[in-house]
Amino acid sequence: MKSRKSILPRRWPRRWKNAASYIIVGGWSGFSLFFVLWVVFASLKSTRKLFSKPWSIPYDPAFGNYVKTWVSSRFGDYFLNSLLVVSLSVLVLLIVSTPAAYVLSRGKFRSRQVISSFLVFGMGVPIPLLFVPLAVIMAKLGLADTLSGLGLVYVAVSIPFTVFVLQGFFSSLPSELESAARIDGCKDWQIFWHVMLPLAKPGILTVAILNFVGLWNEFQLALVLIDSPENRTLSLGMYSLITSMKYSGGDWAGLFAGVTIVMIPTIALFLFLSDRMISGITMGGVK
Amino acid sequence: MMRRRMILVFLMPALTLYLCFLVFPAIQAFYLSLFETSGFGDNVKWVGLRNYSRLLTDHIFWLSVGNMLVILLAGGAAVFGFAFLFTVLLNSGIWGKKLFRAMIFMPNVIAAIAITTFWSFVFMPRYGLLTNILKSIGLEDLAKMAWTAPENIIWAMLVGLVWISTGFFTILILSGADKIPIDMVEAARLEGANNRQIFRLITLPMMWDVLLITLVLWVVQAITVFEFPYAFGGPEINQNLYTPSIYLYIMGFGQRDPIYQLGYATAIGVTMFLMMVISVTVLRLLLRWDQVEY
């Protein structure tokens, strides 16, 4: 695309324009890096040092902040809760969404289009609209304030996006393989299990990662559905730490240790799989 | 041909969960908004549309709608401005496009609640990073500015929100731009088209779909935004940070002290949903109409 020239003055030599691009794009990108490094550094200082020298590099790291946050602020428990509810939700989500996406993209039946659109509609439902009804339903089912209740809701709200992306993925697979398998005498479910599912692995992995990251960071539904401290997920624990700090004076260093604990798993995934994640999102977002 | 039974078995689990925990509560919201109650146990009182008429005269609700509009319009202008700028710059043939794209997107993989902690520290009065920077470059007057004062706090929050959203919309718009076939541009250039003509006649029309979809996504996100402003506000969140979603949550569940006006809270949710549907419809009509004009 050459329309760049409409933004930068036309008479500038190419080298300058390039330099300007690098400075703008690099500056914004550099800020992401700065954010992560600054938070990690902040989590390794004493709170007093954090305030007196916010830019310094902690050469004598105060790992005590992590011990305090992990043990006294119970981030260890919250971490396990999050890991448990998010992994199980993603697993169940894949188990129910993959077959659905498969028949919606490869099956030939009359209501296929209707069901597809009906599922896509779910992406437009604002989560806050569900706050009160879900609280009521969970109370009726005896699932209020439980991680299993939260997990069920996580699966349900993630189904539309997941099925949508997987459906696109299944549609992109060549249909020759399917007919070849049929000629060889494979039954319907054998075609799915032995032929299509292995081919769809990259797509399944993509939605698994995207949902893992999304649910790991999820906050609003957990806030509404979880009450007791022992059931808190990591983002709820983070919020309760902020809340308690505002009343008990500022242990900012411990807070940043918490921030680091929350963000390390997703950043680690992103480091290795950023391409896959970005292509998955653009597939779901723009189509 | 797939057998009917298999289709049924494959679809049922997903459809059941989807119906029970998404579609059903969404429909139930409309019904619940016609009651006045603090618990949906015994003392449920039918009030018809009175929750909605109460909303019309509730100045806190209108304050939250005003904040939402600030996010929608000012935030949207900033997000789309940056996203288009980055799309153009990343596609100008610079080295490391994928790396920059990933770095710009990165804040989106971090929990909003974790990011707000950082921004709270940036805008903290007296000791914050921003004050610190301004002091060190000698801008003492600006350094004394109360960024988190009630009249400024929404702008302070918006900085962080724009930072995250720009990354998200950059990758969407960039992927739209990348779908424009390069030989089309080359062909036009050979025919003697200048840059402006190429932009007007090729880039823009081919980006139109992406523009419509991203605008719809932004409108939906801006109207329903909850986590970032809520976490930024902390406990006893300032009313100048209320969005309709936050007001809904406060009326339904309260913060430190529970409130439990469940019917009223749900009416806010339904109103929000209607605002969303109306704006998306208007947006579609506007952009379609523009496209025909072209």
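The exercises below, each with a worked solution, concern a predicted model with chains A and B.

**Exercise 1. The interface between the chains**

Find how many residues of chain A are in contact with chain B, and state which helix of chain A gives the most to that side.

Solution. Begin with the count on either side of the interface: 79 residues of chain A are in contact with 82 residues of chain B. Next, look at which element of chain A supplies these residues, and you will find that helix 13 (residues 252-285) gives the most, with 13 residues. Finally, sort the residues on the side of chain A that touches chain B by class, which yields 55 nonpolar, 18 polar and six charged.

**Exercise 2. A helix pair across the interface**

Decide how helix 1 of chain A and helix 4 of chain B are oriented to each other, and list the residues that make the contact.

Solution. Two packed helices are described by the angle between their axes and the distance between the axes. For helix 1 (residues 14-43) of chain A and helix 4 (residues 97-105) of chain B, the angle is about 50 degrees and the axes are 8 Å apart. Angles under 35 degrees count as roughly parallel and those from 65 to 115 as roughly perpendicular, and the two helices are therefore oblique to each other. Helix 1 of chain A passes helix 4 of chain B in a left-handed crossing. The contact is made by Val25(A), Trp28(A), Ser29(A), Ser32(A) and Leu33(A) on the one helix, and by Phe100(B), Met103(B) and Ile104(B) on the other. Sorted by class, this contact has six nonpolar residues, two polar ones and no charged ones.

**Exercise 3. A helix pair within chain A**

Carry out the same kind of analysis for helix 5 and helix 7 of chain A, starting from the angle at which they pack.

Solution. Helix 5 (residues 112-121) and helix 7 (residues 147-171) of chain A pack at an angle of about 130 degrees, and their axes lie 8 Å apart. Since an angle has to be over 145 degrees to count as roughly antiparallel, and 65 to 115 is the range for roughly perpendicular, this pair is oblique. The crossing of helix 5 and helix 7 of chain A is left-handed. On helix 5 the residues involved are Ser116(A), Leu119(A) and Val120(A), which meet Ile159(A), Pro160(A), Val163(A), Phe164(A) and Gln167(A) on helix 7. By class, the contact has six nonpolar and two polar residues, with no charged residue.

**Exercise 4. Three loop residues**

Determine whether Arg74(A), Glu236(B) and Ser56(A) are buried, partly exposed or exposed.

Solution. The cut-offs needed are these: a residue is buried if 20 or more other C-beta atoms lie within 10 Å of its own, and exposed if 12 or fewer do. Arg74(A), in the loop between helix 3 (64-72) and helix 4 (75-106) of chain A, has 17 other C-beta atoms within 10 Å and is therefore partly exposed. Its phi is near 65 degrees, a positive value in a residue other than glycine. Glu236(B) is found in the loop between helix 11 (227-233) and helix 12 (244-253) of chain B, and because 10 other C-beta atoms lie within 10 Å, Glu236(B) is exposed. Phi of Glu236(B), a residue other than glycine, is also positive, near 50 degrees. Ser56(A), in the loop between helix 2 (47-52) and helix 3 of chain A, has 12 C-beta neighbours inside 10 Å and so counts as exposed.

Definitions and conventions
Residues numbered from 1 in each chain as written. Chains lettered and ligands numbered in written order. Predicted model: local features only at pLDDT ≥ 70, side-chain atom pairs only at ≥ 80, totals over all residues. Contact = placed C-beta atoms within 7 Å. Helix = DSSP H or I, 4+ residues; strand = E, 2+ residues; numbered from the N terminus. Nonpolar A, V, L, I, M, F, W, Y, C, P; charged D, E, K, R; others polar. Axes fitted to C-alpha atoms, helices over the stretch in contact; angles between N-to-C directions. Left-handed = near helix turned anticlockwise from the far one by under 90°.
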